[in-house]
Amino acid sequence: MRIEFTYGRSSEYFRMHLRLGALRAVRSTLLLSGVLVSCGIFVVFRSGDMRVTAVGIVAIVVAILLALAARHRYVDAVSVPAAWRAPRRWLITEDALESSTDLTSMRWTWGAVRRVEERPEAFLFWPDGPTMFDLPRAPLTPVQEAELRAHLVRCGLLWPIEGPGGSAPLANDRL
């Protein structure tokens, strides 16, 4: 097996991968903002006392500032440097996965991969550690994708798809 291609991943490609972690990071801030704005609106419209109304207005302003800060943190978390979007060369063989640009290169043997996660936009290859190797699916032809999937099944990293419309479960860590 030899699959080789060059592909530049888009900003949207990275947003799809990073959005869940970014949402988790801002979830509590957004929840607090929602509670503050709700309480502030309730206080402003229900209170006859100017001081209590002022506290409600301050709560609304703080809620808006928290929501804006959460949005800023989210955008920062899903934005990547231009170098990440530069064209990258991938090479997949019976022995290893390789990826390189003019600035970087990495090579993983199949023995280093512990599990594969199949997403609509990419295959994610996970070793024992926290790093991950992504392989975009967009540039793969149906024949190349079938060849890769068959190789992953042979390596015990991916389960075969059962029947029409079935989906493959995530591969378990090999022991």
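**Rings, cores and sheets**

Biologist: Which residues do ring pairs link into a cluster?
Modeller: Rings of Phe, Tyr and Trp (its six-membered ring) pair if their centres lie within 6.5 Å, and the pair is stacked with planes under 30 degrees apart, edge-to-face over 60 and tilted for the rest. By that rule there are seven aromatic pairs. The members of the cluster are Trp 108, Trp 110, Phe 123, Phe 125 and Phe 133.

Biologist: Before we go on, which atoms do side-chain values use?
Modeller: This is a predicted model, where local features need pLDDT of at least 70, side-chain atom pairs count only at pLDDT 80 or more, and totals for chains, interfaces and linings use all residues. Residues are numbered from 1 along each chain as its sequence is written, and with hydrogens and water left out, side-chain values use heavy atoms.

Biologist: OK, take Phe 125. Is Phe 125 buried or exposed?
Modeller: Buried means under 20% relative accessible area, exposed means over 50%, and partly exposed is in between (1.4 Å probe, protein chains only). The relative accessible area of Phe 125 is 0%, so Phe 125 is buried.

Biologist: And where in the fold is Phe 125 found?
Modeller: Strands (E, at least two residues) and helices (H or I, at least four) are DSSP runs, numbered from the N terminus. Contact, here, means heavy atoms within 4.5 Å. Not counting neighbours within four places in sequence, Phe 125 is in contact with Leu 97, Trp 108, Trp 110, Val 113, Arg 115, Val 116, Met 132, Phe 133, Leu 135 and Leu 152. Phe 125 itself is in strand β6.

Biologist: Which residue stands opposite Phe 125 in β7?
Modeller: Strands pair if DSSP finds at least two bridges between them. β6 and β7 have four bridges and pair in the antiparallel sense. Across from Phe 125 in β7 is Phe 133.

Biologist: What order do the strands take in the three-stranded open sheet?
Modeller: β5 (115-118) and β7 are the edge strands, each pairing on one side only. The pairing is antiparallel, and the order is β5-β6-β7.

Biologist: What angle does the direction of α3 make with that of β6?
Modeller: Axes are lines fitted to C-alpha atoms, for helices over the stretch in contact, and angles run from 0 to 180 degrees between N-to-C directions. α3 packs on this sheet, touching β5, β6 and β7. The angle with β6 is about 25°.

Biologist: What about the other sheet: at what angle does α3 run to β1?
Modeller: That open sheet has four strands in the order β1-β2-β3-β4, with antiparallel pairing. Its edge strands, β1 and β4 (105-109), each pair on one side only. α3 lies across β1 and β2, and its angle to β1 is about 125°.

Biologist: Why is β2 described as largely enclosed by the rest of the structure?
Modeller: On one side β2 is joined to β1, running antiparallel, by six bridges. β2 also pairs with β3 in the antiparallel sense over four bridges, and the two form a hairpin with two residues between them. β2 counts as largely enclosed because of how many of its six residues are buried: five.

Biologist: How far apart, centre to centre, are the rings of Phe 5 and Trp 90?
Modeller: Both residues are buried. Phe 5 is in strand β1 and Trp 90 in strand β2, 85 residues apart, so to speak linking distant parts of the chain. The pair is stacked, with 20° between the planes and a centre-to-centre distance of 5.3 Å.

Biologist: Which residues touch the most other members of the largest nonpolar core?
Modeller: A nonpolar core is a set of buried Ala, Val, Leu, Ile, Met, Phe, Trp, Tyr and Cys residues joined through side-chain atoms within 4.5 Å. This one has 19 residues, and β1 (2-7), β2 (88-93), β6 (122-126), β7 (133-136) and α3 (142-154) each supply at least two. Those touching the most other members are Trp 110, Phe 123, Phe 125, Leu 135, Leu 148 and Leu 152.

Biologist: What does Leu 148 touch?
Modeller: Residues up to four places away in sequence are not counted here. That leaves Met 1, Ile 3, Ile 92, Trp 110, Phe 123, Leu 135 and Leu 140.

Biologist: Last one: which residue lies over the face of Phe 123?
Modeller: A charge sits over a ring if NZ of Lys or CZ of Arg is within 6 Å of the ring centre and within 35 degrees of the ring normal. At 5.0 Å from the ring centre of Phe 123, the residue is Arg 137.
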